[in-house]
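Visitor: Please walk me through the labels on this one. I'd like to see each of them held against its definition.

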Amino acid sequence: MDKIVINGGKHLNGEVFISGAKNAVLPIMTACIIEPGKYTLNNVPDLRDTRTMGRLIEMIGGSAQFHKNSMQINTVNCDKPVAPYELVKTMRASFYVLGPFMSRYNYAEVSLPGGCAWGPRPVDFHLKALESMGATISLERGNLISKGKLHGAEIDFEKVSVGATGNTLMAAVKADGITVINNAACEPDITDLVDFLVKLGGNIEGRDTTQLTIYGNSQLKGGFEYDIIPDRIEAGTFLIGVALTGGEVTLRNVNPKHLEIVISKLKDVGVNIQYDSDSITISSSGNINPVDMTTGAYPGFPTDLQAQWMALMCLASGNSTVIDEIYHDRFTHMAELSRFGAKLHLVDNIASINGIKNFYGAPVMSTDIRASASLILAAMAAEGSSEISRIYHIDRGYENIEMKLQGLGADIKRTQA
Ligand code: EPZ
């Protein structure tokens with residue numbers, strides 16, 4: 001199994017090209033199932049997760065071919081609405097087939113996703129939404145069996161959910177009648193999915209808002225080309241990395257609008273940030289002001305940047321708090337950051353951070369995608385050498401991360417463990 005070895009203390013300088021958004025392309029790949037056709041998706045990141053989703057499309061009778069950063073997806077012959085446990089257990093996002101299967105086949109057999117690295121992640125909102133649209137859902141040996149021709153409904157999510165909003169959207173585009181989703185997620189990934197569904201012929205109002213109205217339409221037309229948005233979480237990871245190590249970096253192929261709160265928080269930290277429509281330049285002296293942060297649904301601070309932010313606050317010139325309001329138990333990275341010397345304390349979902357002068361290199365272990373990103377950032381700022389194991393997590397969410405960081409002057413390499 002591979003590991004990543006980093007010799008810290010190097011500033012980051014230069015340019016980096018940001019890949020397409022993992023959390024937008026995964027639901028959009030499943031949306032290609034709704035209507036048979038030959039689709040071309042561009043700006044697709046080459047990740048373990050996009051390859052896993054490609055395998056799922058093949059398992060149900062379709063094909064998914066990667067060519068550079070485009071994916072040719074053919075769903076004409078998809079005829080098996082089944083997502084097995086072997087696959088769903090490796091990637092929760094496989095659960096995004098539920099809506100498309102119900103739209104196309106009025107039937108779905110999807111393994112119930114288990115928990116994840118940091119705790120339970122229920123899907124009750126997804127199921128309640130489909131049941132209110134007329135689906136009959138049962139559980140057999142860990143698999144959800146969902147049946148029925150769907151009709152429109154009014155759906156109120158008790159909490160904002162990206163996944164439940166996505167699945168409900170994909171179930172509603174072909175349902176009989178009108179579906180209204182209240183307290184919908186409006187993450188850029190969801191807006192990208194809405195744009196794809198509109199290109200498919202869907203009739204959707206409320207783009208970019210927390211109320212979506214979907215006029216079910218049976219006359220959809222599949223088979224077209226579509227460009228995926230840039231990955232704001234990858235971009236945010238690089239921005240926080242530069243704030244931590246010092247240096248000057250320009251990010252290309254990025255949408256600054258998707259990062260407004262992250263940019264504003266980083267300015268409070270004391271870095272300089274300039275941007276235009278598709279690039280961001282950050283320069284940092286390495287001085288880090290302590291800045292409290294609480295995660296929230298978009299346009300709030302993304303929970304997928306919480307671990308990276310915590311790594312930054314560890315080297316701040318004072319104390320701060322990090323609160324995760326989305327996942328109250330997403331703190332597995334704290335124990336590993338402590339191995340670098342971080343001074344951290346957790347009570348419920350509130351982490352208190354006492355800023356220290358230096359991190360010291362150490363062997364550490366990844367536990368999930370974003371936790372591993374925070375360890376890479378910390379190791380780059382640390383004195384001495386660090387080894388990060390279980391890096392298959394990082395490959396799930398970051399395309400060629402060590403090559404991109406090498407391009408910015410980091411002393412990082414991947415080795416056999
Ligand atoms: C998406 O997960 C992302 N994954 C996550 O990114 C991200 O952390 C999360 O949204 C929040 O932004 C993908 O897009 C593939 P949710 P999702 O449904 O859809 C609760 C990464 O690192 N909830 O918005 O699974 C849930 O427990 C990943 O790229 C229910 O209680 O998240 C959580 O507390 C990690 N019941 C909150 O809502 C439900 O049925 C938000 O979850 C659904 C959710």
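Guide: Let's start with an open sheet of four strands, ordered E4-E5-E3-E14, with mixed pairing. Its edge strands are E4 (63–67) and E14 (225–227), since each of these pairs on one side only. From one strand to the next, the twist averages 20 degrees. Before we go on: this is a predicted model, where local features need pLDDT of at least 70 and side-chain atom pairs count only at pLDDT 80 or more, while totals for chains, interfaces and linings use all residues. Residues are numbered from 1 along each chain as its sequence is written, and side-chain values use heavy atoms, leaving out hydrogens and water.

Visitor: What makes E4 and E5 a pair?

Guide: Strands here are DSSP runs of E with at least two residues, helices are runs of H or I with at least four, and both are numbered from the N terminus. Two strands pair if DSSP finds at least two bridges between them. E4 and E5 (70–74) have five, in the antiparallel sense, so they qualify. Phe66, for instance, has Met71 of E5 as its bridge partner.

Visitor: And how do you know that helix H2 lies across E4 and E5?

Guide: By contact, which means heavy atoms within 4.5 Å. H2 (residues 48–59) lies across both strands and runs at about 145 degrees to E4. That angle is taken between N-to-C directions on a range from 0 to 180 degrees, using lines fitted to C-alpha atoms, for helices over the stretch in contact. Then there's H7 (residues 188–199), which lies across E3 (38–42) and E14 at about 165 degrees to E14.

Visitor: Which strands does E17 pair with, and over how many bridges?

Guide: E17 (residues 279–284) is joined to E15 (residues 247–252) by six bridges and to E16 (residues 272–275) by four, and both pairings are antiparallel. Ser283 of E17 is the bridge partner of Glu248 and of Asn272. A hairpin through three residues joins E16 to E17.

Visitor: What holds paired strands together in general?

Guide: Strands of a sheet pair through backbone hydrogen bonds, either parallel or antiparallel.

Visitor: How do you know that E12 and E13 count as paired, and what links them?

Guide: E12 (residues 203–205) and E13 have three antiparallel bridges, with Ile204 standing opposite Ile214. They form a hairpin with five residues between them, and Gly206 in the turn has a positive phi of about 100 degrees. E13 (residues 211–215) also pairs with E11 (residues 178–182), antiparallel over five bridges, and Thr179 has Ile214 as its bridge partner there.

Visitor: What makes Asn106 and the bond from Tyr298 to Pro299 worth pointing out?

Guide: Most residues other than glycine have a negative phi, and most peptide bonds are trans. Asn106 isn't a glycine, yet its phi is positive, near 50 degrees. It's found in the loop between H4 (98–105) and E7 (107–111). The Tyr298 to Pro299 bond is cis, with omega near 5 degrees, and Pro299 lies in the loop between E18 and H10.

Visitor: Which elements does H10 lie across?

Guide: H10 (residues 306–314) lies across E18, E19 (319–323), E20 and E21, at about 25 degrees to E21.

Visitor: Now the ligand. Which residues are closest to it?

Guide: Asp124, Ser161, Val162, Asp304 and Ile326 are the closest of the 21 residues around it. A residue is near the ligand if one of its heavy atoms lies within 4 Å of it. H1 (22–34), H5 (124–132) and H6 (162–172) each supply at least two residues of that shell; H5 gives the largest share, three.

Visitor: Why are the ligand's oxygen pairings called polar contacts?

Guide: A polar contact is a pair of N or O atoms within 3.5 Å; within protein, one must be able to donate a hydrogen and the other to accept it, and residues adjacent in sequence count only if both atoms are side-chain atoms. A backbone N or O atom of Gly163 lies 2.8 Å from a ligand oxygen. Polar side-chain atoms of Asp304 and Tyr327 lie 2.6 Å and 3.1 Å from an oxygen of the ligand. The protein covers 87% of the 820 Å² of accessible area that the ligand has on its own, with areas from the Shrake-Rupley method and a 1.4 Å probe.
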